[in-house]
Amino acid sequence: MLRQYQLVDRVLAYDPNADEAMLNRAYVFSVNAHGTQKRASGDPYFSHPIEVAGILTELRLDDETIATAILHDTVEDTVATSEEIERIFGGNVARLVDGVTKLSKIEAQTENERAAENLRKFLLAMSGDIRVLLVKLADRLHNMRTLHHIAKPEKRRRIAKETMDIYAPLAERIGMYEFMKEMQTLAFRQLEPEAYESIDRRLAQLQEGGGDRIAKIGSGLKLLLARSGIEAEVSGREKHPFSIWRKMQERHISFEQLSDIMAFRVLVPTEEDCYRALGLVHRRWPMVPGRFKDYISTPKRNGYRSLHTSVIHAENRRIEIQIRTPEMHAEAEFGLAAHWAYKQAGDHRPPVQPDSKPGWIADLVEILDTAATPEELLEHTRMAMYQDRIFAFTPKGELIQLPKGATPIDFAYAVHTDLGDQAVGAKVNGRVVPLRTVLENGDQVQVLRSNAQVPQANWLNFAITGKALAAIRRHLRHVERDEQVTLGRKLYDDIVARLPATLGPGALDAALKRMNLPDEGALMQAIARRTLTDGQVMEALMPGSAAAETATAPQSSAISIKGLTAGVAYELGTCCHPVPGDRIVGLRRPDAGIEVHSIDCATLADLAERSDEETDWIDVQWGDKTEGATARISVEVKNEPGALGALATIIGQHKANIINLRLDTRDTQFHANTIDVEVHDAHQLMRLLAALRATDVVNAAERI
């Protein structure tokens with residue numbers, strides 16, 4: 001553990017103007033506050049915040065950030081208070097400490113809710129001052145370095161997974177690649193111990209067998225550049241285990257088949273030298289097609305700049321080469337932390353203001369405002385931190401970075417939320433394309449908009465960025481709420497008509513208080529969603545009225561669809577054949593039972609256009625226990641012997657049952673069949689259709 005004078009000397013070495021007295025006070029305060037507390041390793045607890053501060057001195061961060069690191073656990077784990085921190089160390093340090101606090105005392109019903117609430121408060125704090133993130137990443141890195149001391153395997157795995165899902169991508173997004181790589185390696189060791197040990201063992205064998213192979217290749221690179229007058233600093237290494245494992249998974253190959261496990265970094269004096277060095281390398285060794293990336297002319301969103309290429313070296317071995325200047329290298333090593341580093345002369349730099357923070361942080365904060373559930377927040381945040389990205393351009397040449405697989409609707413929302421909401425189409429490289437078109441690297445995208453357009457539910461099928469999905473779902477929730485309030489009002493009027501007497505003027509307000517609802521709209525929504533039964537509403541409006549209603553109503557067992565009260569008859573629509581897992585809606589017609597339809601059923605569209613039809617729309621969903629249902633599919637099969645047998649075999653292998661089969665059309669090449677199959681849910685049906693499409697005798701398979 002660093003001693004007090006060692007830590008202070010580290011800071012003064014790069015910032016002679018640092019507040020030495022504040023750092024000493026912070027050290028003593030942390031030691032006294034944590035007292036005799038111990039870590040899982042048996043070390044004194046205060047060793048952890050001191051080591052976190054030591055990590056941040058390597059990034060040359062300011063004295064307030066170092067003090068924050070020393071104090072970051074005092075409010076959570078000791079009797080110290082935020083007011084005490086502010087009185088002794090000032091408002092800035094108190095605010096930073098509050099932002100970094102782990103918030104472990106939050107009570108939530110599920111693990112997702114607790115994780116989402118922690119993430120929500122952390123992102124809000126980070127958006128105000130990026131130093132919160134820098135301290136948090138150093139805190140997590142040191143915790144990962146000591147993770148093996150935790151006795152419970154499930155706790156180690158939980159922490160490792162959180163690191164892999166959230167903190168490593170955050171480190172990557174601000175360009176702190178060394179932090180990212182170490183966190184990924186340590187997390188990978190916990191999550192996939194057998195894979196880690198296997199790759200680590202093989203890397204050790206390569207080092208033993210290859211001797212000084214890396215040193216020889218590095219010397220050859222340096223000599224090649226020196227002959228052309230370029231002074232270069234060359235270093236090489238094997239890629240870290242997680243990077244190798246990910247490549248093996250993506251390419252579906254073994255370790256022996258993986259050829260590019262060595263990477264070399266070439267530092268040259270100027271940007272012009274970067275391109276000269278690249279030309280020399282490509283003339284000397286064949287380039288691997290598709291492996292060249294120019295992050296100098298188009299930097300990554302986190303500011304990363306470098307040239308990347310892969311070449312085929314001696315013995316037919318691929319090597320990866322990164323070429324950059326020392327300034328680019330400093331940015332790659334420290335990322336956003338470089339903006340906080342002090343110059344040797346002790347030049348203080350102002351903190352990153354909220355209006356100048358990276359755009360992706362602003363996107364995350366917008367997602368916080370639109371995510372309705374903890375699951376949505378976690379999902380959207382992880383999407384916003386994608387690592388594999390493409391570059392697309394606006395017609396004015398502005399660079400927009402998106403995840404691979406993004407579409408024009410993602411592009412539109414990345415430019416501005418209003419543009420996304422009003423998108424009706426797009427021009428990609430001058431050609432009009434649908435919004436679901438997947439964008440390629442370097443595409444120029446012009447979004448076509450209309451003031452009459454609103455976000456559509458089907459956009460959820462091809463939007464992939466967290467920002468786009470959050471905005472679309474927010475709009476759909478508002479629309480859904482309006483529809484539910486309208487339906488609830490109609491059902492409420494029916495409930496009131498069944499009361500034994502006329503309601504008084506204050507009855508509704510009194511009922512809202514009894515049901516603990518904030519307003520009339522919330523009541524109507526609860527009625528439509530069936531979170532309140534008719535009897536509960538009647539009892540709240542006029543106590544005693546529900547008993548009389550129940551006494552005259554026939555009793556029956558509950559059905560397997562949520563949202564319908566006990567005893568209500570229903571049937572599944574024969575027009576759309578909904579199965580468990582589909583989004584569904586109920587139709588209630590006069591003197592008839594409830595009909596359950598898929599949300600995209602044509603029957604619903606027809607009813608929406610007929611104003612004379614007296615039909616109530618009811619919000620329903622599948623119950624916890626379902627026995628499956630019949631789905632109808634259309635399958636086009638080759639007209640050859642054994643084709644129907646192969647079809648039946650596939651259906652049987654997927655545990656589905658053929659209820660009915662009808663031959664629709666037949667010619668010399670194909671015959672089309674309509675098949676009713678009994679399945680458990682929509683997921684099973686989708687897997688069955690995918691298997692049918694992959695079969696040689698099947699030309700097409702679709703759900704009807």
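## Cysteines

How many disulfides does the count come to? In this predicted model, the count comes to zero disulfides. Take cysteine 601: the nearest cysteine sulfur belongs to cysteine 575 and is 3.4 Å away. A disulfide needs two cysteine sulfur atoms within 2.5 Å, and cysteine 601 is in no disulfide.

Are cysteines 601 and 274 buried or exposed? Cysteine 601 has a relative accessible area of 7% and is buried. Cysteine 274 is at 0% relative accessibility, so it counts as buried.

## Two helices that pack together

Let's turn to a helix pair. Helix H13 (residues 213-227) packs with helix H15 (residues 271-284) at an angle of about 115°, and their axes are 10 Å apart. The crossing of H13 and H15 is right-handed.

Which residues make the contact? From H13 come Leu221, Leu224 and Leu225, while H15 brings Ala277, Leu280, Val281 and Arg284. Sorted by class, the contact of H13 with H15 has six nonpolar residues, one charged residue and no polar ones.

## A three-stranded sheet

Further along the chain you will find an open sheet of three strands, ordered S9-S8-S10 with antiparallel pairing. Strand S9 (431-433) and strand S10 (445-449) are the edge strands, each pairing on one side only. From one strand to the next, the twist averages 35°.

Strand S8 (residues 423-428) pairs with S9 over three bridges, in the antiparallel sense. If you want a spot to look at, alanine 426 stands opposite valine 433 in S9. There is also a helix here: H19 (residues 408-415) lies across S8 and S10, and runs at about 85° to S10.

Methods:
Residues numbered from 1 in each chain as written. Predicted model: local features only at pLDDT ≥ 70, side-chain atom pairs only at ≥ 80, totals over all residues. Heavy atoms only, no water. Buried < 20%, exposed > 50% of the residue type's maximum accessible area, 1.4 Å probe, protein only. Axes fitted to C-alpha atoms, helices over the stretch in contact; angles between N-to-C directions. Helix = DSSP H or I, 4+ residues; strand = E, 2+ residues; numbered from the N terminus. Left-handed = near helix turned anticlockwise from the far one by under 90°. Contact = heavy atoms within 4.5 Å. Nonpolar A, V, L, I, M, F, W, Y, C, P; charged D, E, K, R; others polar. Pairing = 2+ DSSP bridges.
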